[in-house]
Amino acid sequence: MVQGVGANGHVSGTSSRTALGLDGSYNRVYSQVRRDLSDISEQVRDLRWFAAPNENIAVSDDFTNMLERALRSCVPFRLPVLGGPLTLSRPVSNVPTGKTEGCAVRMEGDATGFGTNSAVVEGGAASNVIQVNFASTQPAVRVVSRYPSRFVNFRMDVSNDNTMRSSAGPLLSIEAPAPSKGFYSIAGTSIVDNVSFANRGELLRTVAAPIHLYRSNLTAWQIAGLHLMTYPAFKDGAGNVHQIESGTGDIAGNRFNALPGVGAAVLSEIGYTYFHHNAVIGGAYGFQWMPKNGPAGYVDIGPANSFENQNTASISAVSGDGSSGSMLKVFDNEFSNLFYANIRYSAFLGHIFVGHYGAADKPWIDTVTVTDNIVRSQALRANYQSFTIRSGRGVLDARNAITVVPGGSGQMIGHSVRAGRPGELSEVSVEDNKVWGAPADISGLYDLDINVVLRHGNLPRNPLTVSKLQAVADGSTTYVTDGTPGSSPIVGGGTGCLAIRRNGAWACQ
């Protein structure tokens with residue numbers, strides 16, 4: 001009979017064939033099993049924590065070295081459940097010494113301690129908590145691989161120390177290998193699902209590595225909750241310059257939460273990003289798009305995001321270094337800002353802000369659509385603009401509804417679409433937007449550039465009168481409540497008319 005299997009994989013006692021009376025096919029299978037056991041015995045020893053994820057492991061065990069060995073093992077593992085946090089005492093990485101990249105990582109737990117799939121909140125009990133216990137500009141956990149990694153069901157936090165919490169280094173950094181000898185690799189899309197990050201300068205960073213970020217909590221950042229970065233352009237052996245255009249993937253169902261005025265929930269240098277069904281509360285910016293190191297493609301923000309109480313801009317799009325952007329789509333989102341009641345906050349740029357870059361007399365961005373969004377906000381400063389667009393070629397601002405709540409410190413202008421520099425706006429249409437509120441809270445529905453085509457219907461709660469007509473592009477049409485029918489140029493004091501802009505002047509039909 002078979003008596004046992006030793007640590008080296010050898011069988012003691014009588015042979016399996018003799019004991020069991022089976023033919024040689026069984027021996028061949030069993031021999032393969034023994035070889036497999038021998039191959040992985042070292043990995044199993046190093047990963048002994050993760051073989052029994054519900055075992056109560058002592059907090060004093062050396063988790064830092066164990067985690068680094070696990071990251072470099074190329075074997076999926078589960079985090080242990082403790083009555084307290086797993087302490088990380090230094091930065092760890094999946095990249096072995098002398099290498100430029102490591103294995104793809106599969107790192108899974110059972111619960112974050114709060115939110116979806118949580119167990120017990122208090123003290124991190126019955127949850128998987130990695131507590132970073134050092135200050136550094138380096139990532140606490142760094143994963144570099146061209147293959148997709150997976151991170152599911154755990155929490156990363158920082159010990160209760162202000163120095164450690166203000167450190168710039170992210171809790172987790174997922175990176176594609178850096179360009180080498182004129183070549184770069186396209187990384188697979190990693191998944192971060194139901195992971196909580198809290199209390200660091202940056203929380204989650206990617207470098208030219210796409211991710212799908214789902215159902216996660218990102219709380220109390222200093223610089224950024226999610227930082228999406230690129231590598232600089234590089235030259236190949238022939239001297240040709242290459243710019244790496246990378247994308248994120250899908251960011252959905254997450255909660256971003258920080259004090260107003262602190263960093264950005266999402267700071268992005270890249271394109272090809274879908275951001276939807278997220279709640280973004282606080283921060284200086286909600287989604288800050290700053291294309292860098294080459295052109296950035298499509299960014300889609302919506303539907304069903306909620307942006308609340310940012311103190312600079314809920315969505316901001318301005319080139320980071322002169323790199324171009326294309327196809328920004330902002331649709332079907334909710335914006336609210338009631339935090340700064342009775343405070344004249346001069347830094348606020350608007351719920352949606354598309355700014356100009358430098359002194360160039362041309363737009364840095366093509367094809368901008370801002371449609372079907374709703375806003376409920378106080379006027380935070382004098383002549384505050386809810387939506388501000390300063391650059392773009394091919395812009396549509398349409399069917400947005402803005403409600404101005406009394407109690408702010410200034411008056412709101414619904415839409416300011418005016419070039420930051422001459423020539424920065426072209427082919428622009430502003431159509432069928434609604435701005436509601438008391439006259440004391442609204443100084444104007446629009447602040448528009450001469451290049452803008454306006455189409456505006458009658459709003460009984462905030463009508464457009466002759467005195468509010470602006471010099472916009474020929475072909476614009478609007479209902480004017482006090483226009484005199486047949487007057488050209490238009491004359492006030494009448495019963496109302498449909499006005500048309502032609503030959504540089506408004507005329508009443």
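In this predicted model, L86 stands opposite I130 in strand 7. The two residues belong to a parallel pairing in which strand 4 (residues 86-88) and strand 7 (residues 129-132) are joined over three bridges. Strand 7 also runs parallel to strand 9 (residues 150-158), with four bridges between them. In that second pairing, V132 stands opposite V158 of strand 9. Strand 7 therefore has pairings with both strand 4 and strand 9, under the criterion that two strands pair if DSSP finds at least two bridges between them.

A further set of parallel pairings involves strand 35 (residues 452-456), of whose five residues four are buried. Strand 32 (residues 425-431) pairs with strand 35 in the parallel sense over four bridges, and E431 stands opposite R455 in this arrangement. Strand 35 and strand 36 likewise run parallel, joined by two bridges. Here R455 stands opposite T477 in strand 36. R455 thus has E431 opposite in one pairing and T477 opposite in the other.

These strands belong to a chain whose secondary structure comes to five helices and 38 strands. Of the 509 residues in the chain, 51% are buried. Among contacts with a separation of 6 or more, 69% are between residues 24 or more positions apart. The chain exposes about 21000 Å², of which carbon and sulfur atoms supply 53%.

The interior can be followed through its nonpolar cores. In soluble globular proteins, nonpolar side chains tend to be buried together. The largest nonpolar core of this model has 98 residues, and those with the most contacts inside it are L88, F151, M156, F197, L226, F256 and L328. Strand 11 (residues 190-207) contributes the largest share of this core, six residues. Apart from this core lies another of eight residues, including L267, Y285, V318 and F353. Within the chain, F256 is in contact with L213, L218, W221, L226, I251, A265, V266, F275, N278, A279, V280 and I281, once its neighbours within four places in sequence are left aside.

Helix 4 (residues 63-71) is mostly covered, with seven of its nine residues buried. The buried residues are F63, T64, M66, L67, E68, A70 and L71. An α-helix has 3.6 residues a turn, so residues three or four places apart point the same way. In helix 4, the buried set includes the polar residues T64 and E68 as well as F63, M66 and L67.

The chain has two disulfides. A disulfide is a covalent bond between the sulfur atoms of two cysteines. One joins C74 to C103, with an S to S distance of 1.7 Å. C74 lies in the loop between helix 4 and strand 3 (77-78), while C103 lies in the loop between strand 5 (92-93) and strand 6 (106-108), so this disulfide ties together parts that are 29 residues apart in sequence. C103 counts as buried because its relative accessibility is 15%, and buried means under 20%.

The other disulfide is formed by C497 and C508, whose sulfur atoms are 1.5 Å apart. This pair links distant parts of the chain, with C497 in strand 37 and C508 in strand 38 (residues 505-508), eleven residues apart. The link of C497 and C508 is left-handed, with -85° about the S-S bond. Both cysteines count as buried: C497 has 4% relative accessibility, and C508 has 5%. When the bonded cysteines are numbered in sequence order, the pairing is 1-2, 3-4.

Two loop positions complete the account. T481 is placed in the loop between strand 36 (477-480) and strand 37 (497-502). The C-alpha atoms of T481 and G496 are separated by 4.2 Å, although these residues are 15 residues apart along the chain. T481 is partly exposed because its relative accessible area is 25%, a class that lies between the limits of 20% and 50%.

N400, in turn, lies in the loop between strand 29 (392-398) and strand 30 (401-404). With a relative accessible area of 0%, N400 is buried. The side chain of N400 makes a polar contact with the side chain of D397, at 2.9 Å. Not counting residues up to four places away in sequence, N400 touches V370, T371, D372, N373, F387, H415, D432, N433 and K434.

Terms used:
Residues are numbered from 1 along each chain as its sequence is written. This is a predicted model: local features need pLDDT of at least 70, side-chain atom pairs count only at pLDDT 80 or more; totals for chains, interfaces and linings use all residues. Side-chain values use heavy atoms; hydrogens and water are left out. Buried means under 20% relative accessible area, exposed over 50%, partly exposed in between (1.4 Å probe, protein chains only). Contact means heavy atoms within 4.5 Å. Accessible areas come from the Shrake-Rupley method with a 1.4 Å probe; for residues, only the protein chains shown count as cover. A polar contact is a pair of N or O atoms within 3.5 Å; within protein, one must be able to donate a hydrogen and the other to accept it, and residues adjacent in sequence count only if both atoms are side-chain atoms. A nonpolar core is a set of buried Ala, Val, Leu, Ile, Met, Phe, Trp, Tyr and Cys residues joined through side-chain atoms within 4.5 Å. A disulfide is a pair of cysteine sulfur atoms within 2.5 Å.
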